[in-house]
Structures are given as structure tokens and as C-alpha cells.
Amino acid sequence: MNPEDVSWAALARRVADPFCDAFFRVVEDLYVGPEEGMTPAQWEAERVPLPAPELPCRIPGWVASADLAGREEALAAHAERLVRLARAHGRLAALVGPFPYFAVRPKILDAGGNGGGVIASWPWSDGIPEAVAALDALACAAEASPGAVVLDDQEQGWALRMVAGPGTVLLVEWDAEGPPPAGSAWCLDALTLAAQAAAARNRLRAVRARLVRLTGRDFWS
């Protein structure tokens, strides 16, 4: 293990029940204020509400692919309502790319609680190709030798680093200001993480295909 990883990895807290999946953004409103030069107050206030789909969200505003599989019709209908709302307000241009309304991000949760919540959130990831690439890397986590880098990603002021331990994966996500904070590191079972990531990757591809068939468009890639 690199010397720069030792300090944060040594204090990594064990996550007994991790949950790794790809999460789809479920928005509650559409921004209709100025497209340039908006104030923070305008960004918060000038929004038109959008009815929420009947989907469980383990994180506010995000539905896991595990909870979406078999219920894609609900998200497809939500996407169509969003398109109609954007068209009515002259905001179709905002829906050209996945961010922000159709973002898909890998996330790792501490499903068992213990005050962990979201332990890796990939705030810079936008669409399905990025999510698949991350899940591909995590699916190989159990094959990495202790000390090897599983994932090292930094973008838009955020960073996520994962290194292999003996049968584990040690991870830390931070705002990239300075070195990784030791108090924010986590330790996960490598076999569990790899199996969940591989299942999530395969499920994500199936969910995407179903959504594209239902909507006739790929909003999420």
C-alpha cells in the first residue's frame, strides 16, 4: 500500500452490510428561472413541481436499480411527464443530457445503518456509461492483491480512492481538498462488494434497455 494511503486506511470503519448499486435520479421539480446569471435564491425558488412516481427511494431523490427492475413503467411515465413539463415551459434543452434530470450514479450505502448512510456517492458521475465503468472496476475488487488500487477517480472537485486489503476493500471519498480524511474511510468485504457490483452492472443494462423500449429514447446515457 502506498504511504499516502496508510493513514486513512488504518482508521477505516467496517461496514457489515454494504449495498452497492446504480441509482437513477427521480426529480421533484423543473427549474424554469433564468438560464444564466441566476441567483441561489432563484435556483431554489423558480421551480415547477412534478408529481413523484410510486417508486421506493433508499436515498431522497434516487431509486436503486434493484428497486426499479420490474417497475420501469413508473420511471418511464415520470420521464414523459418531465418532457411535457419542459416543453410547456420552453426548457427542452435542459433535457439533452443525463445531468441533472436523468442522472445515473453508482453508490455504496451502509445498509445496516451504524450511522453510515451513503459511503460513496460519485457526485461527478452523470450517465449510464460512467456508472457501468465504475461497476466494472468494483466487480473485479476481489481479484486485487492487498495494497493494489481498485479505483482512483477525481473530477469536479471530488475524489474517490479504493485500495485492496486482505479480503477487503478500503475506500474514502472526499472533496479533494488536501489528503484523504482518515475519519471518512470505510472497509468492506471484497467478495460482497464485487458480487453486488457485478449484479448491479448487469441489472443496470437490463433496466436501461427496458426504459428505452418504453420511452423510445435513451435519456440516461
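Colleague: What makes β1-β11-β10-β9-β8 the order of an open sheet?

Modeller: In this predicted model, five strands line up in that order with mixed pairing. The edge strands, β1 (13–14) and β8 (149–155), each pair on one side only. Strands here are DSSP runs of E with at least two residues, and helices are runs of H or I with at least four, numbered from the N terminus.

Colleague: How do you know that β8 and β9 pair?

Modeller: Two strands pair if DSSP finds at least two bridges between them. Six bridges join β8 to β9 (residues 158–165), so by that definition they pair, and they run antiparallel.

Colleague: Why is Asp21 called buried?

Modeller: Buried means under 20% relative accessible area, exposed over 50% and partly exposed in between, with a 1.4 Å probe and protein chains only. Asp21, in strand β2 (residues 18–25), has 0%, so it is buried.

Colleague: What makes the Asp21 and Ser65 side chains a polar contact?

Modeller: The value is 2.5 Å, and the definition asks for a pair of N or O atoms within 3.5 Å; within protein, one must be able to donate a hydrogen and the other to accept it, and residues adjacent in sequence count only if both atoms are side-chain atoms.

Colleague: And which numbering and filters apply?

Modeller: Residues are numbered from 1 along each chain as its sequence is written. Local features need pLDDT of at least 70 and side-chain atom pairs pLDDT 80 or more, while totals for chains, interfaces and linings use all residues, and side-chain values use heavy atoms, without hydrogens and water.

Colleague: Why say that the buried residues of α5 line one face?

Modeller: Seen down the axis, they fall within an arc of 165°, so they line one face of the helix; the arc is that of the directions from the helix axis to the C-beta atoms.
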